[in-house]
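Dear colleague,

I am handing over the structure we spoke about, and I would be glad if you kept it open while you read. My notes on it come after it.

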Amino acid sequence: MSAPSLPAVPPAPPVLAEVVRSGFVEGRHRGSLVLLDADGAVELALGEVTAPVFPRSSNKPMQAAGVLRAGLDLAEERLALAAASHSGEGFHRDLVRKMLAEYGLGEEQLGCPPDLPLDAEERETYLAAGGVREKVTMNCSGKHTAMLAACLLRDWPLETYLDPDHPLQRIIHAGVEDAAGERVAAVGTDGCGAPLMAISLVGLARAYRSFVLAEPGTPERRVADAMRAHPEYVAGTRRADTWLMREVPGALSKMGAEAVQAVALPDGRALAFKVDDGATRALGPVLARALGIMGVDAPAVERIGRAPLTGGGEVVGEIRTVF
């Protein structure tokens, strides 16, 4: 009698980074990464780059373009905030509240959950001043404000604006597919409650490439231009996306939860990756290494790539890439 066959086990993604403490490798972060050349062809592929992933907040530029397609007229800081995973700093919270007031919306109408500032330093300051979890402070509150405003403009239901079948979400869904050049493989629910569309890493890099190469005045180009002009509203004063868009002319950059990152350069080159275990501590070193392979030379790249490990208050190691 033959032994039962075991299901095939897919190969493990390659190691992108390792955790080195006191000269000893104590851990490894696996993942997948793709680089596109200026013509959009795959220049480097590590791991499974054509399988669908949830890009998490790296989808936000496409969501911001969707509210423009729906007819909402946003520009400059307001449009950047619509594409943001903001740090919850005072200027972020102030602009969200200002936008809500401009459209006659209340904070209670936001569908995102209450949260503390995303930035650790800002979170300490906020709590020390007596701050509590609020919807406005949640990093996706700018996106949700823009979505509600678009629905208000079109007289679409506000209460169900996060339903995947809502007219606004159907527009966003179609926009993700157009930008990625592929069908959405699955729809889930993001941490903020909004629908989340799964695409491949190749599709994600292709989407960012399409935004920087889009014709001026199109929704995609308007979002890219606003993000690049006001990166502190996309992220915050102490965030890698801000540093990169500030110091590398024309770069479009957006991270996502679970260690997802996408970047496009103005000549059409692009990258996207996901660290398989979702460890954001590996995100900076992997991003810096990928940018180095692409020939990007800026102080921000070195700063982004630093990931020291401490022991007893002293630096005793680092997270370093292995590709």
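Below I go through a sheet, two helices, a lysine and the cysteines, in that order.

Please keep in mind from the start that this is a predicted model.

I begin with the sheet, which is open, has 3 strands in the order β4-β6-β5, and shows antiparallel pairing. Its edge strands are β4, at residues 52-53, and β5, and each of these pairs on one side only. If you look at β5, which covers residues 186-189, and at β6, which covers residues 195-200, you will find that the two are joined in the antiparallel sense over 4 bridges. Two pairs can be picked out by eye: A186 has A198 of β6 as its bridge partner, while V187 stands opposite M197, also in β6. Between these two strands the hairpin has 5 residues, and one of the residues in the hairpin, G193, takes a positive phi near 100°.

A second glycine with a positive phi, of about 90°, is G130, which comes just after helix α4. At the other end of this helix, which spans residues 120-128, a side-chain oxygen of D119 reaches to within 3.2 Å of the backbone nitrogen of E121.

Next, please find K60, which lies in helix α1, made up of residues 60-69. Which side chain of opposite charge is nearest to K60, and how far away is it? It is that of D190, at 6.5 Å, and K60, although buried, has no salt bridge. A salt bridge would need the side-chain nitrogen of the lysine to be within 4 Å of a carboxyl oxygen. Apart from its neighbours within four places in sequence, K60 is in contact with A83, A84, S85, N139, C140, K143 and K254.

C140 brings me to the last point, since the cysteines are worth a careful look. A disulfide is a covalent bond between the sulfur atoms of two cysteines. The structure holds 0 disulfides, and you may ask why C112 and C192 form none. For C112, the closest cysteine sulfur is that of C140, and because the distance is 6.9 Å, the two are too far apart for a bond. For C192, the closest cysteine sulfur is again in C140, here at 3.9 Å, which is also too far for a bond, given that a disulfide requires the sulfur atoms to be within 2.5 Å. Both cysteines are buried, C112 with a relative accessible area of 1% and C192 with one of 2%.

With best wishes

Note on methods. Residues are numbered from 1 along each chain as its sequence is written. This is a predicted model: local features need pLDDT of at least 70, side-chain atom pairs count only at pLDDT 80 or more; totals for chains, interfaces and linings use all residues. Side-chain values use heavy atoms; hydrogens and water are left out. Two strands pair if DSSP finds at least two bridges between them. A polar contact is a pair of N or O atoms within 3.5 Å; within protein, one must be able to donate a hydrogen and the other to accept it, and residues adjacent in sequence count only if both atoms are side-chain atoms. Buried means under 20% relative accessible area, exposed over 50%, partly exposed in between (1.4 Å probe, protein chains only). Lys and Arg count as positive and Asp and Glu as negative; His and the chain ends are not counted. Contact means heavy atoms within 4.5 Å.
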